[in-house]
Amino acid sequence: MPAFAAPRHSPASDPTSVAVTPRKSRLRSDPDAAIGSPLRKSPRLCKEGSPNSSPKIEVIRKCLKSSLNLSESPEKKQLTEDFVEGQNWDPREETQLRAVNETLHVSTAPASVVCRENEQNRILDFCKKCVKEEKAGSLYVCGCPGTGKTLSMEKVKVMLVDWANKEGVQHPDVLSINCTTLANMSEIFSKILGQTHYGKKPSPSTSSLQQLQKLYSQHTPGLKMILVVADELDYLITKDRAVLHDLFMLTTMPFSRCILLGVANAIDLADWFIPKLQSLNCKPMVITFCAYSKDQIINILQERLRALPYTVFQPQALELCARKVAAASGDMRKALAVCRSAIEMLIGESMLSSLDETEDQQRPAANDMMSNIVRINHVAAALSKVYKSPIILCSAVKLFREGKKSTILGELNKYYVDVCKSTMIPPVGILELSSMCRVLDDQGILKLGQSREDKLRRVTLKVDGADIVFALRGVRFFRNCLK
């Protein structure tokens, strides 16, 4: 079989490429297939045939290459310069891999909640004032998913108890309720009553709400303050608004001892119910958690990874993850998902490496160490799996090219589904599409109107469609979507 020499590719000709050791027995994948990838397409390497190579191994290698969507660059020189010697993380070592995945998992609470100090202090000051003055009050905390609301509330609860102990003030009882777990909406009152009476059985003749109203309408010596943290309040808003109104009105009663902190993902839902609460004289104070910026996401990721004794990510890879997530949603949970997915890409690359039977003995030790680092190409491939929201903008641009200035979400969804089918990308549901549009609204790219049904919400493009085309022109995937 004739041998084909792989063309030499100088890193100086492509400043954006990530340095990786060239491998004669591997084929390149198209880096443009990764959404948001900063890598440029390189010439394909032609593999030199070997009489000893197994056809089965070659099939496995090609399948893994295709499914992982990994791309490589010719050298590792630049990557080696980015790290100091002595890094010893091995993604194939089960204990270390488990530790890294746990560190980057959304369920793992970080040691400190960074980048939300201002919001935490405002909530804490509100609670301190209520406790000092022994007065009830309500606070509405809202923000897009993944912006640190729940983590911040947990931190505030701990800080409030610590402050009360230092000041010699009796701290309130704390009751945390996730509204999605309620069997019926009025169950929230029985939970508050049970916490207030320390487990005593309520009177069966009257409802829990009526008993709470009676309790807070008269002076009761020794009645302790209670802090109620109602998470996922959007569920209550959409299911039974009468319960929501009664809940906030508890904090306005003359002898109420209830401090209510409502937490919700939807920013715009406040416009629906707050005017009504204001007419009932129980309008809450509102604190908004904005989407995370690129620098904040990098800071949070570095804070989590600092607990590990080894380097896992190339700094440029973390920056790419933060930049893309911040531009698309600012959802920290998405950033963590991208990082974990990138690690899977690295592991898949290691599996490919183990199938290569000719290179391991000649590879330098430093390069072997660098092969354990999550690099830009891994993050770019992970972004293509985790994030699909820019397709919404492509769909909106195509829709508004027809001369329309606005449309409803249901019509945008039809265009979005068509674009996804044409590019073989699985579309998200109408509810997740609405959530993504709310994020784009928060960023000033789209304007999303209000309606009781998501599909009837009016959508308007707030930026010039040509600007979106210009911003996405560098990625072939989006260029194809916009044709």
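Q: How many bridges join strand β1 to strand β4?

A: Strands of a sheet pair through backbone hydrogen bonds, either parallel or antiparallel. Here β1 (residues 137-143) and β4 are joined by 6 bridges and run parallel. Two strands count as paired if DSSP finds at least two bridges between them. Strands (E, at least two residues) and helices (H or I, at least four residues) are DSSP runs, numbered from the N terminus. This is a predicted model, in which local features need pLDDT of at least 70 and side-chain atom pairs count only at pLDDT 80 or more, while totals for chains, interfaces and linings use all residues. Residues are numbered from 1 along each chain as its sequence is written, and side-chain values use heavy atoms, with hydrogens and water left out.

Q: Which residue in β4 is the bridge partner of valine 141, and which is the partner of alanine 230?

A: Valine 141 is partnered by valine 263, and alanine 230 by glycine 262. Alanine 230 also has isoleucine 177 as a bridge partner. Strand β3 (residues 226-231) is joined to β4 by 5 bridges, and these two strands run parallel.

Q: In what order do the 5 strands of the open sheet stand?

A: The order is β2-β3-β4-β1-β5, with parallel pairing. β2 (173-178) and β5 (285-289) stand at the edges with a single partner strand each, so one side of each has no neighbour in the sheet. Neighbouring strands are turned by 15° against each other on average, direction ignored. At one edge, β2 pairs with β3 over 6 bridges. At the other, β1 pairs with β5 over 5 bridges, and tyrosine 140 stands opposite valine 286 in β5.

Q: Which helix lies across β1, β3, β4 and β5?

A: That is helix α4 (residues 117-133), which runs at about 160° to β5. Helix α6 (residues 187-196) also packs on the sheet, where it touches β2 and β3 and makes about 160° with the direction of β2. Contact means heavy atoms within 4.5 Å. Axes are lines fitted to C-alpha atoms, for helices over the stretch in contact, and angles run from 0 to 180 degrees between N-to-C directions.

Q: Which side chains of β2 are buried?

A: In a regular strand the side chains alternate between the two faces of the sheet. In β2, Asp173, Leu175 and Ile177 point to one face and are buried, while Val174, Ser176 and Asn178 point to the other and are not. Buried means under 20% relative accessible area, exposed over 50%, and partly exposed in between (1.4 Å probe, protein chains only).

Q: Why is β4 largely enclosed by the rest of the structure?

A: In β4 (residues 258-264), 7 of the 7 residues are buried, so the strand is largely enclosed. One side carries Cys258, Leu260, Gly262 and Ala264, the other Ile259, Leu261 and Val263, and both faces are covered.

Q: At what angle do α6 and α9 pack?

A: α6 and helix α9 (residues 241-249) pack at about 25°, with their axes 10 Å apart. That makes them roughly parallel, a label for angles under 35 degrees (over 145 is roughly antiparallel, 65 to 115 roughly perpendicular, the rest oblique). Ile188, Phe189 and Ile192 in α6 meet Val243, Asp246 and Leu247 in α9.

Q: Which strands form the antiparallel sheet?

A: The open sheet has 3 strands in the order β6-β8-β7. Its twist averages 25° from one strand to the next. β6 pairs with β8 (residues 458-461) over 3 bridges, and threonine 407 has valine 459 in β8 as its bridge partner.
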